[in-house]
Amino acid sequence: AVGNALGGLSVGEPEEEMCRMTYIVTDILPIEKPRYLMGVGTPWNILETIGLGIDMMDCVMPTRNARNAMLFTWQGVMNMKNQKWESDFSPLDEFGTSYVDSEYSKAYVRHLFVAKEYLAKQIASVHNLAFYLDLVRVARQHIVAGDFYEWKESIVPVLKQRR
């Protein structure tokens, strides 16, 4: 089945404008064909655009941001270079689904970033990719359950928090 791709909506404009244009275009596109949004994005953008009828998306954000010490989690965004992680020997992400989340501590991953060890980027990339997969898996569960919009409204503010 041939689908439709939307591009050029994630190149620096405000999130509200991206969502507004996505809404306009998805309202026009046929519902029976897949809708692919290129270059989106943050976990909250993914959920917002799923809510607008987007079926697929891609983005460099999980790995690009991981290489810059930014981890996405169910409790919000973590900057692994922050000093507050220096003595936190708890698991990297207690709600994470990847082996790196339980095998490495926040303090260790912070140390790797501060020391400019390449392993830090690898651990963070594995974490973020696993988180994104978990995010869309859980989103699908809520779509099937029929409570996606309520769940999305409750989780998006949490995902945006800075930890």
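**Values against cut-offs**

Modeller: Let's begin with Ser105, which sits in the loop between helix 4 (99-103) and helix 5 (106-114). Please keep in mind that this is a predicted model.

Biologist: Thanks! Why is Ser105 called buried?

Modeller: The relative accessible area of Ser105 is 13%. Buried means under 20%, so Ser105 falls in that class. Leaving aside neighbours within four places in sequence, Ser105 is in contact with Asp88, Phe89, Ser90, Pro91 and Leu92.

Biologist: And what makes Ile28 exposed?

Modeller: Ile28, in helix 1 (residues 15-28), has a relative accessible area of 66%. Exposed means over 50%, so Ile28 qualifies. Together with Tyr23 and Ile24, Ile28 makes a nonpolar surface patch of about 330 Å².

Biologist: How do you know that Cys19 and Cys59 do not form a disulfide?

Modeller: The sulfur of Cys19 has its closest cysteine sulfur in Cys59, 14 Å away. A disulfide needs sulfur atoms within 2.5 Å, so this pair is too far apart for a bond. The structure holds 0 disulfides.

Biologist: Why is Cys59 called partly exposed, while Cys19 is called buried?

Modeller: Cys59 has a relative accessible area of 28%, which is between the 20% and 50% cut-offs, so Cys59 is partly exposed. Cys19 is at 17%, and under 20% means buried.

Biologist: Now the charged pairs. What makes Glu17 and Arg20 a salt bridge?

Modeller: Their closest N and O atoms are 3.0 Å apart. The cut-off is 4 Å, so the pair counts because 3.0 Å is within that limit. Glu17 and Arg20 are 3 residues apart in helix 1, so about one helical turn separates them. Both are partly exposed, Glu17 at 30% and Arg20 at 44%.

Biologist: Where do Asp134 and Arg137 lie, and how do you know that they form a salt bridge?

Modeller: Both are in helix 6, 3 residues apart, or about one turn of the helix. Their closest N and O atoms are 2.3 Å apart, and the limit is 4 Å. Asp134 is buried at 7% relative accessibility, whereas Arg137 is partly exposed at 42%.

Biologist: What makes Lys152 buried and Glu153 exposed?

Modeller: Lys152 is at 5% relative accessibility, and under 20% means buried. Glu153 is at 51%, and over 50% means exposed. Their side chains meet in a salt bridge, with 2.6 Å from N to O. Salt bridges with shared partners join Glu48, Lys152 and Glu153 into one network. The structure holds 5 salt bridges.

Biologist: What is notable about phi in Ala69, and why is Ala69 called buried?

Modeller: Phi of Ala69 is near 75°, a positive value in a residue other than glycine. Ala69 lies in the loop between helix 3 (61-67) and strand 4 (70-73). Its relative accessible area is 0%; buried means under 20%, so Ala69 is buried.

Biologist: How does Lys116 look by the same two values?

Modeller: Lys116 also is not a glycine, and its phi is positive at about 60°. This residue is in the loop between helix 5 and helix 6. Its relative accessibility is 74%; exposed means over 50%, so Lys116 counts as exposed.

Terms used
Residues are numbered from 1 along each chain as its sequence is written. This is a predicted model: local features need pLDDT of at least 70, side-chain atom pairs count only at pLDDT 80 or more; totals for chains, interfaces and linings use all residues. Side-chain values use heavy atoms; hydrogens and water are left out. Patches are made of residues with over 30% relative accessible area and no salt bridge: like charges are joined within 9 Å, nonpolar side chains (Val, Leu, Ile, Met, Phe, Trp, Tyr) within 5 Å. Accessible areas come from the Shrake-Rupley method with a 1.4 Å probe; for residues, only the protein chains shown count as cover. Helices (H or I, at least four residues) and strands (E, at least two) are DSSP runs, numbered from the N terminus. Buried means under 20% relative accessible area, exposed over 50%, partly exposed in between (1.4 Å probe, protein chains only). Contact means heavy atoms within 4.5 Å.
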